[in-house]
Amino acid sequence: MAHAVNEPEVLIVGAGPAGLTAATYLARFRRRVLVADGGASRACWIPLSHNMPGFPSGITGDAILKRMTEQATEYGAVVEGGQVESLTRDGDGFIARLNGRDLRIRAVLLATGVVDHHPDLPGVERAIERALVRICPICDGYEAIDKAVAVIGDDDKGVREAAFLRTYSDRVTLIHVGPAEALTEHEEMARLGIELIRAPIDNVRLEGDRVTALSWGGTFRSFDLVYSALGTSPNADLAEALDARVGEDGRLFVDAHQATSVKGLYAAGDVVRGLNQIAVAGAEAAIAATAIHNALREADGWTVRD
Ligand SMILES: Cc1cc2nc3c(=O)[nH]c(=O)nc-3n(C[C@H](O)[C@H](O)[C@H](O)COP(=O)(O)OP(=O)(O)OC[C@H]3O[C@@H](n4cnc5c(N)ncnc54)[C@H](O)[C@@H]3O)c2cc1C
């Protein structure tokens, strides 16, 4: 495919931590990079992250994205708001549909993330912003030490999350809102001293820094924190339309260089791996960006040495 010099060579779909890290790497490899972003990075939800390497006092999700965007654009990456509507094969490259135009691209990195299944609670978004309802015990379980914690789940993932939180607190309650048969790990819950409540939640009240009331069928209980263990849906549609290989969990299958099963199509971050962490997204993005650059060098007749 002949490529005009002013067209982007690499399209990154998604300007979260994975996409922006890859954009910095590729721009510093002197590639023309366009980052298209739908504006829904999960990092926007992070009230204050304490496990981000290099930020001992913590950093908000918005600040992480701002710094990463500044770094990528400093080296010439272009970030454009908009949803990539479709991706189709065009010779060795792709055609991407973005904001009403068709872009011809040599390689694509999908850094499209996942969508959280939030519990159906009034005011849930505000509660997440205040870290009263949380999504990720790996991120912030440390901040649950000795707290009264409720985990909302609809299958055994809820048990696994509650068990994980026992590292931090001996007051962990699982509120199972799914069908009875979806919960099988009863012995494990008893062994770990996890209290079980089976009932759909019908109300939640937040006051100050506590979830003052969760209620079901007229019963009210108060907790310091609530974790949602209702899972996520990967944003893998663009890859699926190209028949990329997808795992049972809906995440994209990649090799050691973050290449999907479709030549020229790479993926990094939450859309690939269940360990949804910024450090992981950044590492995968660095691997993907380097592999993309080397693949393009090879296609252009440069010798690649591993
Ligand atoms: C409440 C909360 C707290 C968290 N706390 C931490 C923490 O303390 N530490 C930590 O390491 N991690 C934390 N995480 C997880 C972290 O936010 C994610 O692991 C990280 O954002 C993943 O980065 P990503 O780039 O893969 O995806 P995302 O950041 O989700 O970015 C994906 C982007 O792709 C865009 N997109 C999707 N499809 C398209 C399309 N077709 N066209 C254009 N754009 C598209 C989306 O709009 C989005 O902007 C937390 C998450 C949540 C929800």
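**Exercise 1.** Which polar backbone atom is 2.8 Å from an oxygen atom of the ligand?

*Solution.* Let's set the ground rules. This is a predicted model, where local features need pLDDT of at least 70, side-chain atom pairs count only at pLDDT 80 or more, and totals for chains, interfaces and linings use all residues. Residues are numbered from 1 along each chain as its sequence is written, and side-chain values use heavy atoms, leaving out hydrogens and water.

Step 1: take polar contacts, pairs of N or O atoms within 3.5 Å. The partner of the oxygen atom belongs to the backbone of I278.

Step 2: turn to nitrogen atoms of the ligand. A backbone N or O atom of G38 lies 2.9 Å from one, and a polar side-chain atom of Q83 lies 3.5 Å from one.

Step 3: look at cover. On its own the ligand has 1000 Å² of accessible area (Shrake-Rupley method, 1.4 Å probe), and the protein covers 96% of this area.

**Exercise 2.** Describe the shell around the ligand.

*Solution.* Step 1: count residues with a heavy atom within 4 Å. There are 34, and the closest are D37, S41, N51, V84 and I278.

Step 2: assign domains, whose bounds come from an automatic or database assignment. Domain 1 (10–115 + 232–299) and domain 2 (118–228) each supply at least three residues.

Step 3: find the elements, which are DSSP runs (helices H or I, at least four residues; strands E, at least two) numbered from the N terminus. Both α1 (17–28) and β2 (33–37) contribute at least two residues each to the shell.

Technical notes. Polar contact = N/O pair within 3.5 Å; in protein donor to acceptor, adjacent residues only side chain to side chain.
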